Amino acid sequence: MVAVLAFAGIAVALMQTLVIPLVPQLPRLLNASAADAAWAITVTLLAGAVATPVMGRLGDMYGKRRMLLLSLALLVAGSVVCAFSDSLLPMVAGRTLQGLAAGVIPLGISIMRDELPAHRLGSATALMSASLGVGGALGLPAVAFLAERIDWHMLFWAAAGMGALAGVLVVTLVRESPVRTGGRFDVIGAAGLSTVLVCLLLAISKGADWGWTSGSTAGLIAVAVVVLPLWTRWERRAARPLVDLHATTRRQVLLTNAASAVFGFAMFAMSLVLPQVLQLPEATGYGLGASMVTVGLVMGPSGLVMMAMAPVSAAVSRTKGPKVTLMTGALVVAAGYGMSIGMMSALWQLVLVSAVIGGGIGLAYGAMPALIMAAVPVSGTAAANSLNTLMRAVGTSVSSAVAGVVLAQMTLSFGHLAVPSQNAFRTVMAIGAAAALIALALASFLPRHSPAAAPAGHGAERKPARVRTGD
């Protein structure tokens with residue numbers, strides 16, 4: 001079951017990586033402008049932000065395995081639509097469907113909490129949580145290699161095949177959890193949260209293109225600012241809210257989600273900087289002139305390290321508590337970014353940097369679901385884990401926007417082009433290190449748990465309460 005759920009998470013992560021090698025070619029492939037073609041990436045982010053909390057809540061209400069299978073079906077359907085696409089609109093539609101599968105990882109973690117014995121829960125959830133990074137890092141070299149040698153549509157057929165295989169394995173080897181809350185779905189709460197997320201993330205994603213002071217950007221932010229307090233008021237009064245704000249504002253959950261958002265910011269800086277440094281021409285004086293396949297091979301070891309750190313993360317959480325694991329992971333990530341400021345001149349240096357940062361991510365990602373599950377009732381596991389995953393995605397989006405501003409402002413002339421300077425890359429990596437240290441500071445305020453109170457034991461203690469309840 002653990003292997004199947006982790007494979008499903010890797011399939012979803014690979015879907016998000018799939019278009020990276022195609023980004024420079026998308027305008028030509030889709031017969032669209034560069035700004036319009038960028039929607040093939042942006043729409044996946046927006047759909048994932050909406051689907052993650054909704055699928056989590058539906059999983060708690062109607063069955064986590066059922067929602068997991070629905071998410072995988074959407075992944076397959078979206079991949080097939082993209083595989084048949086030769087223009088922008090069907091590609092955007094397909095990428096939207098793919099984005100709706102983003103809830104697979106928090107749903108998988110929640111199934112593990114319901115089904116696994118205490119001594120297996122920590123390492124299993126750590127592996128599932130890290131699968132997002134593992135799938136992206138390991139999939140990138142394979143996708144880049146295939147993108148250079150085969151018709152690009154085959155990439156989406158491969159994604160559809162992985163999603164279908166994951167679905168068959170889930171049907172065969174994963175049983176439905178009897179832990180359900182029942183009740184009615186909070187449609188108004190879902191609409192309100194979706195409005196806030198779409199407006200906020202769209203403003204962050206497109207602010208650099210539209211202008212940060214433009215009417216479109218300011219209008220989207222204004223809508224988010226107005227709707228957020230109204231949504232909060234509704235959720236506090238709703239009998240069955242989409243997001244349990246009372247649980248969310250508990251010290252442990254609140255600080256973990258805040259640290260997750262900052263950590264998501266820190267994690268993405270590496271993904272923005274290293275590929276550009278690797279691919280810029282050697283004539284710039286700091287670029288390495290590598291191919292996209294080489295980029296994938298340099299970034300790939302970080303995924304292997306993340307996977308290897310899953311049992312280590314569980315062991316540290318079991319003996320020292322997940323707070324210590326999260327703080328250690330943040331410290332390792334900060335150290336990796338610190339190393340990168342002076343180590344960007346050779347392939348082996350960037351491999352080392354990405355591996356160190358990947359190790360820190362693997363440690364921290366394993367601790368986050370443990371901290372969340374220790375502080376919420378078993379009936380709200382999927383919704384709480386989904387919100388935590390969403391916070392990481394928000395941090396990643398903000399990271400992309402901030403790094404984009406820095407790289408656009410600190411440039412030098414190279415022929416007829418303006419390219420980011422070496423100091424621009426160093427600045428982004430320094431910001432990543434600072435974000436990791438902020439996550440470390442936030443984690444330091446988490447309540448201290450003895451090893452006996454670790455989340456794995458918490459899940460086991462609640463096992464006898466696995467009954468289905470209604471209104």
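Modeller: A charge is said to sit over a ring when NZ of Lys or CZ of Arg is within 6 Å of the ring centre and within 35 degrees of the ring normal. The model in front of you is predicted, and that definition can be applied to it.

Colleague: What makes lysine 206 a charge over the ring of tryptophan 39?

Modeller: The charged end of lysine 206 is 4.7 Å from the centre of that ring and sits over it. The distance limit is 6 Å, so 4.7 Å meets it. Arginine 392 is placed in a similar way, over the face of tyrosine 365 at 4.2 Å from the ring centre.

Colleague: How many aromatic pairs does a search of the whole structure find?

Modeller: The search finds four. One of them joins tryptophan 152 and phenylalanine 156, with 6.1 Å from centre to centre and 85° between the planes.

Colleague: Why is the pair of tryptophan 152 and phenylalanine 156 called edge-to-face?

Modeller: Ring centres must lie within 6.5 Å to pair, and planes over 60 degrees apart count as edge-to-face. With 6.1 Å and 85°, the two rings pass both tests, and therefore the pair carries that name. Tryptophan 152 and phenylalanine 156 are both buried.

Colleague: How do you know that tyrosine 286 and phenylalanine 425 are also edge-to-face?

Modeller: Their centres are 6.2 Å apart and their planes meet at 65°. Since the limits are within 6.5 Å and over 60 degrees, this pair qualifies too.

Colleague: Which parts of the chain does the pair of tyrosine 286 and phenylalanine 425 link?

Modeller: Tyrosine 286 is in the loop between α13 and α14, whereas phenylalanine 425 is in helix α18, residues 422–444. The two are 139 residues apart, and the pair links distant parts of the chain.

Colleague: Why is tyrosine 286 called buried?

Modeller: Its relative accessible area is 8%, and buried means under 20%. Phenylalanine 425 has 0%, so it is buried as well.

Colleague: Which residues does phenylalanine 425 touch?

Modeller: Leaving out residues up to four places away in sequence, they are Val273, Gln276, Val277, Leu280, Tyr286, Met344, Leu407 and Pro420. Valine 277, in helix α13, has its own contacts beyond four places in sequence, including Tyr286, Met344 and Phe425.

Colleague: What makes valine 277 buried?

Modeller: Valine 277 has 2% relative accessibility; as that is under 20%, it counts as buried. Valine 277 and alanine 239 are 38 residues apart in sequence and 52 Å apart in space, C-alpha to C-alpha.

Colleague: Is lysine 323 buried or exposed?

Modeller: Lysine 323, in helix α15, has 11% relative accessibility and therefore counts as buried. Its contacts beyond four places in sequence are Leu371, Ala443, Ser444, Leu446, Pro447 and Arg448.

Colleague: Why is leucine 331 called partly exposed?

Modeller: Leucine 331 has 48%, and the class in between runs from 20% up to 50%, so the name follows. Leucine 331 is also in helix α15. Its C-alpha atom is separated by 6.7 Å from that of leucine 437, although the two are 106 residues apart along the chain.

Colleague: What makes asparagine 31 exposed?

Modeller: Its relative accessibility is 72%, which is over 50%, so asparagine 31 counts as exposed. This residue is in the loop between α2 and α3, and has a positive phi of about 55° although it is not a glycine.

Colleague: What is the lining of the second largest pocket like, by class?

Modeller: The lining has 16 nonpolar, four polar and no charged residues. Leu193, Leu228, Trp231, Leu387 and Met391 lie nearest the centre of this pocket. Leu, Trp and Met count as nonpolar, so these five belong to that class. The pocket has a volume of about 470 Å³.

Colleague: Which helix gives the largest share of that lining?

Modeller: The largest share, five residues, comes from α11. Helices α10, α11, α12, α13 and α17 each supply at least two residues.

Methods:
Residues are numbered from 1 along each chain as its sequence is written. This is a predicted model: local features need pLDDT of at least 70, side-chain atom pairs count only at pLDDT 80 or more; totals for chains, interfaces and linings use all residues. Side-chain values use heavy atoms; hydrogens and water are left out. Helices (H or I, at least four residues) and strands (E, at least two) are DSSP runs, numbered from the N terminus. Buried means under 20% relative accessible area, exposed over 50%, partly exposed in between (1.4 Å probe, protein chains only). Contact means heavy atoms within 4.5 Å. On a 1 Å grid over the protein atoms alone, a cavity is a set of points where a 1.4 Å probe fits but cannot get out, and a pocket is an open set with protein on both sides within 12 Å along at least five of seven lines; lining residues have an atom within 4 Å of a point. Grid points are joined across faces, edges and corners, and a volume is the space filled by probe spheres set on the points. Rings of Phe, Tyr and Trp (its six-membered ring) pair if their centres lie within 6.5 Å; planes under 30 degrees apart count as stacked, over 60 as edge-to-face and the rest as tilted.
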